[in-house]
Every structure is written in structure tokens, then in C-alpha cells.
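Please walk through the model below, beginning with one helix and then moving outward to the parts around it.

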Amino acid sequence: MTNKADNLVQELERLRSLINNYNYQYYVLDDPSVPDAEYDRLYRELSKLESEHPDLITEDSPTQRVGAKPDTGFAEVVHELPMLSLDNAMDSDEMKSFNRRVKERLAQSENIEYVCEPKLDGLAISLLYENGLLTRAATRGDGSQGENITLNARTIRPIPLKLRTNNPPQRLEVRGEVFMLKSAFEAINEEARNTGAKVFANPRNAAAGSLRQLDPQITAKRNLSFYAYSVGLVSDDFKLADKHYDRLEQIKELGLPVSSEVKVVEGISGCLEYYEDIAERRDSLEYEIDGVVNKVNSIALQDRLGFVARAPRWAIAHKFPAQEEITQLLGVDFQV
Ligand code: NAD
């Protein structure tokens, strides 16, 4: 191998090992050591190098997988349908490229109908309802294996223990985000400061740390919230709607909370207007969001677009600028 190629392999290894280490601290310990913006910068650097040299992509690269494998005291849950991550767009140009790719792949010239949803800053979970009863809750983990956190999820008030229907499907898996309201986060940190306990860096870490407690009584006291944002496995006795938005309406009717901010929009201009509007109102929302998730509304089109390694091709997270996250993290985390 030439020196240049050697250096490249070494650089890829350095980035992978750094990112894997940050993943462990963030996903397993709920205790990040660098701001998200720094993590995102390294991740993008790795993705860029890998896209320029696809022959050097390794199976264990963090770009090929989701999150990190948990190693806590919880029982393991294997996700029958993997729980994926989302690709990110950092600005409106990247959003426009996403929209262009979608249209090209579908060979469609007219506007795509998208669903815009707040990107809740918490952690993804899967809820399994069997014959109408909540029988299992699991974290996303590394996407194929998560942790069984059923007892903890049962303490979260917005999560129904029983679906609101007399005719429940045999199986219905609902996915969504566990998060902490800003008010609950401030109350917890206030108490932690008074008692000398650990102060959480942000509501996301507080939500993750509270959900992944081995003692569900602690989770119960943390006042966690939940919004559903998609459907996973479903048995044949439940007829799902053929648009994403209508599916959210279906699960809402069954008693699962869905954010009232979710909207259907026309084309890329609709996505960008939604983003501007919610960015302006961000501070007045009761919960932290770190961007907007845009999803192709038609399930038939979603199926045609499919997936890449760790994310669907039919959705993208349009993130808010990183600077604010740095200040936010620095303001709390690095002073404690
Ligand atoms: P992500 O948070 O960028 O996006 C995927 C997640 O978005 C989903 O798993 C789900 O939990 C969430 N989500 C919120 N609202 C949603 C909605 N309406 N529909 C669908 N999903 C929704 O991806 P990720 O893989 O969970 O995390 C990667 C990000 O985490 C990085 O970009 C970085 O910001 C942060 N991170 C930071 C560190 C660190 O050390 N600071 C380490 C690892 C990850």
C-alpha cells in the first residue's frame, strides 16, 4: 500500500474508534463527553471519506449501523422490524438535494406530499400491543436489539396500557419518542442541585437516563412524556391506511398521543415553510426539538424508495443549526 492509502486507512480507523467511543458514552452511559455538533462533524467527515472510498467501508463502521448495542441490566429484545435512524440535512440546500433525489428515484416531476413532524429530542422506543394490551416496551438500542423496559414504560402516563377499541388487533407495534418536558427537566435539575445529585446536560439525557433505570419507581417520579410517530409490526387483522399521516390518525384513535404539530405539506417549499415557522416558535414549545422530520406521505412511494444502511430513503431530519446546541451543552454540562 502507498503512504497515502496507509494514511487514509489510519484516518478512517481513528474516526471510527472515536465515534464508537462517543456512541458508547451517549447511548449506553447516557453521558456524552462532546457536544452533538462535534460528534456530527466527525460523523460527516467519516461519511464523506467513506463515500469517496466505498471499498474501504467496513461492516462495523458507525455509518453502517444505528446507535450502540446496550450492555445494561435489562433483558434483550430483538426487533423483528429493525428500528432505523434518520439521515440529516443541515441546511435548506441539503433539503433541496434530498427532495431532488426522491423525485429522481421515483421519476416523478410533480410535487411530493410530505408529512412534517417536530424532531423530538428524546429516545426512540417500541411499544407492542397484543390483543389491545401493552405487553412489551423496548428501547431502539442498536436498531436490531434493544432493552426490555416494559416496567418503566408502564409508569409513563401518556402511554396507554390498553388500546381504546373493542376490536383490538392481535398485534400492533407503535413507535415513538420518550422525552421530557422542559418544565420537568428544570424541576429535576433543580432538585439535583439541591441534593448534590448529578445534573443532566439536557432534556434528552434526562429522558434517556430516567427511562433506563433498573428501578421503575425512579422512572415513575421523572414525569416522562411520549408521542407516537410511526407504526411497526401489525397483524393482518388490522387494515393500515395507505398514507403515513392517516396511520398516525389511526393510532391516535386507539389512544396513542401524537404531536399536534404534525402537518401534511406540498413539496419542498412546504417543508421549508414548516421549518421556518416551527424554528421561530421553538422556544415557546413545551419540549425541546432539534429539527424537523420530513417523511414522504404515501406508503406506496415509501416502499418504492426503500432503505439504505441505517436510514430510510423516504425521510430526512432537517436539523436546527448546531451553534445553539453547543451553547446549550456548554452552559450546563461542562460546568458541572
Ligand atoms: P437522530 O437523533 O439524528 O435521528 C433519529 C431519531 O430521531 C430516531 O431514532 C427517533 O428517536 C428520533 N425522532 C424524533 N422525532 C421523530 C419523528 N417525528 N419521527 C421519527 N423519528 C424521530 O439519530 P440518532 O441515530 O438517534 O442519533 C444521532 C445523533 O445523536 C447525532 O446526530 C448526534 O447529534 C447525537 N449523538 C451525539 C453523541 C455525542 O457524543 N454528543 C453521540 C452519539 C449521537
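**An enclosed helix and its surroundings**

In this predicted model, nine of the nine residues of helix α6 (residues 203–211) are buried, so the helix is largely enclosed by the rest of the structure. The buried residues of α6 are P203, R204, N205, A206, A207, A208, G209, S210 and L211, where a residue counts as buried if 20 or more other C-beta atoms lie within 10 Å of its own. What do the buried residues of α6 pack against? Their partners include the strands β4 (123–130), β7 (171–180) and β8 (224–234), and the helices α4 (150–153), α5 (182–195) and α7 (216–221) are also packed against by these residues.

The strands just named belong to an open sheet of four strands, arranged in the order β5-β4-β7-β8 with antiparallel pairing. At the edges of this sheet stand β5 (133–139) and β8, each with a single partner strand, so one side of each is left without a neighbour in the sheet. On average, and with direction ignored, neighbouring strands of the sheet are turned by 30° against each other. Between β7 and β8, which run antiparallel, there are eight bridges, and E177 stands opposite Y227 in β8. Helix α6 packs on this sheet, where it touches β4, β7 and β8, and its direction makes about 125° with that of β7.

Turning to helix pairs, the axes of α1 (residues 3–28) and α2 (residues 36–52) come within 10 Å and cross at roughly 145°, and the crossing of these two helices is left-handed. On the α1 side the contact is made by E11, L12, L15, R16, L18, I19 and Y22, while α2 contributes Y39, L42, Y43, E45, L46 and L49. Sorted by character, the residues of the contact of α1 with α2 divide into ten nonpolar, no polar and three charged.

A second pair is formed by α3 (residues 92–106) and α9 (residues 267–281), whose axes come within 10 Å and cross at roughly 150°, with α3 passing α9 in a right-handed crossing. Here the contact is made by S92, M95, K96 and N99 of α3 together with I268, C271 and L272 of α9, and the residues of this contact divide into four nonpolar, two polar and one charged.

Among the loops, the one between α8 (244–253) and β9 (263–266) holds E261. Is E261 buried, exposed or partly exposed? With 17 other C-beta atoms within 10 Å, E261 is partly exposed, because this class lies between exposed, at 12 or fewer, and buried, at 20 or more. Leaving aside residues up to four places away in sequence, E261 touches P118 and I278, and the C-alpha atoms of E261 and A279, which are 18 residues apart along the chain, are separated by 12 Å.

Seen as a whole, the secondary structure of the protein comes to eleven helices and eleven strands. The radius of gyration is 20 Å, close to the 20 Å that the globule rule gives for 336 residues, so the protein is as compact as a globular protein of that length. Taken along the principal axes, the C-alpha atoms fill a box of roughly 65 × 55 × 40 Å, and buried residues make up 35% of the 336 residues. Of the contacts between residues at least 6 apart in sequence, 75% join residues at least 24 apart.

Technical notes: Residues are numbered from 1 along each chain as its sequence is written. This is a predicted model: local features need pLDDT of at least 70, side-chain atom pairs count only at pLDDT 80 or more; totals for chains, interfaces and linings use all residues. The radius of gyration is taken over C-alpha atoms; the globule rule is 2.2 Å times the number of residues to the power 0.38. Two residues are in contact if their C-beta atoms, placed from the backbone, lie within 7 Å. Two strands pair if DSSP finds at least two bridges between them. Axes are lines fitted to C-alpha atoms, for helices over the stretch in contact, and angles run from 0 to 180 degrees between N-to-C directions. A crossing is left-handed if the near helix is turned anticlockwise from the far one by less than a right angle, and right-handed if clockwise. Ala, Val, Leu, Ile, Met, Phe, Trp, Tyr, Cys and Pro count as nonpolar, Asp, Glu, Lys and Arg as charged, and the others, Gly among them, as polar.
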